[in-house]
Amino acid sequence: MRALFSLYDNRYAVTFAADLQQMGWEIVCTSETYPLLREAKVPSTRIESFVGTSKNYEFPPTLHPKVESALTGNDPSNKIDLVFDIPYYPPEGYDIGGLTLLALAIKGRKIPVFTNGDMTQVVNQFKANAKIDDKLRESL
């Protein structure tokens, strides 16, 4: 299982990533989250490595076509099962990338998480049942 972390609010990134990683999840994260996880010794992969590019495009790497494919397709080698995305607030601008990731996760029937409270519920259900139930999935 693979989770993508793209977070404006990184307060609980280490806790959630460590919990998922301990349950066998791979963590892919944006360049803002990666240093936090590395410092906490939580294994993770930068989004640039996941998409296979080091070029500086005019759009964020989370909008790379490989990410769209990973969220809407079912190729096990290129699949993202959960998106933990806390978009930045409107006064900071319009977070089209974050909202797009969440929409793609919904379209691909993946797990879209956009609050720390919802992530707590997701992690707790995975710890208890190794999956999330339909009621929680629908509420997300």
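Where is Lys41 found? In this predicted model, select Lys41 in the loop between helix H2 (34-39) and strand E3 (45-46). This tour begins at that residue, moves to the sheet, and then visits the helices and the nonpolar cores.

**Stop 1: two loop residues**

With Lys41 selected, examine the backbone: its phi is positive, about 65 degrees, although the residue is not a glycine. Most residues other than glycine have a negative phi. Lys41 counts as exposed because its relative accessibility is 73%, and the cut-off for that term is over 50%.

Next, select Arg109, which lies in the loop between helix H5 (96-107) and strand E5 (111-113). Arg109 also is not a glycine and has a positive phi, about 60 degrees. With a relative accessibility of 62%, Arg109 counts as exposed.

**Stop 2: the sheet**

Now display the strands. They form an open sheet of 5 strands in the order E3-E2-E1-E4-E5, and the pairing is parallel. E3 and E5 stand at the edges with a single partner strand each, so one side of each has no neighbour in the sheet. At the E3 edge, 2 bridges join E2 to E3. To see one such pairing, select Val28 together with Thr45, its bridge partner in E3.

Helix H1 can be added to the view at this point. H1 packs on the sheet, where it touches E1, E2 and E4, and its direction makes about 175 degrees with that of E1. Together, E1, helix H1 (residues 13-22) and E2 make a β-α-β unit that is right-handed.

**Stop 3: strand E1**

Select strand E1 (residues 2-7). Is E1 largely enclosed or largely open? Of its 6 residues, 6 are buried, so the strand is largely enclosed by the rest of the structure. In a regular strand the side chains alternate between the two faces of the sheet. Colour Arg2, Leu4 and Ser6 for one side of E1, and Ala3, Phe5 and Leu7 for the other; both faces are covered, and all of these residues are buried.

E1 has a parallel partner in strand E2 (residues 26-29), to which 4 bridges join it. E1 is also joined by 5 bridges to strand E4 (residues 82-86), again running parallel. Phe5 serves as a marker for both pairings: its bridge partner in E2 is Cys29, and its bridge partner in E4 is Phe84.

**Stop 4: the nonpolar cores**

Which residues touch the most other members of the largest nonpolar core? Among its 26 residues, these are Phe5, Leu82, Phe84, Met119 and Val122. At least two residues of this core come from each of E1, H1, E2, H2, E4, E5 and helix H6 (116-129). H1 supplies the largest share, 5 residues.

Select Phe84 and show its surroundings. Leaving out residues up to four places away in sequence, Phe84 touches Leu4, Phe5, Ser6, Leu7, Phe16, Val113, Thr115, Asn116 and Met119. There is also a second, separate core of 14 residues, which includes Leu4, Val67, Ala70 and Val83.

**Stop 5: helix H4**

Turn to helix H4 (residues 65-72), whose buried residues are Val67, Ala70 and Leu71. Looking down the axis of H4, one finds these buried residues within an arc of 95 degrees, so they line one face of the helix. Their cover includes E1, helix H3 (47-51), E4 and H5.

**Stop 6: Thr62**

Select Thr62 in the loop between H3 and H4. Is Thr62 buried or exposed? Its relative accessibility is 7%, so Thr62 counts as buried, the cut-off being under 20%. Apart from its neighbours within four places in sequence, Thr62 is in contact with Ser6, Thr30, Ile47, Val67 and Leu101.

**Stop 7: Gly98**

The last selection is Gly98, found in helix H5. Gly98 counts as buried because its relative accessibility is 3%. For a final view across the model, select Met23 as well: from C-alpha to C-alpha, Gly98 and Met23 are 25 Å apart in space, and 75 residues separate them in sequence.

Key: Residues numbered from 1 in each chain as written. Predicted model: local features only at pLDDT ≥ 70, side-chain atom pairs only at ≥ 80, totals over all residues. Heavy atoms only, no water. Buried < 20%, exposed > 50% of the residue type's maximum accessible area, 1.4 Å probe, protein only. Pairing = 2+ DSSP bridges. Right-handed = clockwise from strand over helix to strand, strands pointing away. Arc of directions from axis to C-beta. Contact = heavy atoms within 4.5 Å. Core = buried A, V, L, I, M, F, W, Y, C linked by side-chain atoms within 4.5 Å. Axes fitted to C-alpha atoms, helices over the stretch in contact; angles between N-to-C directions.
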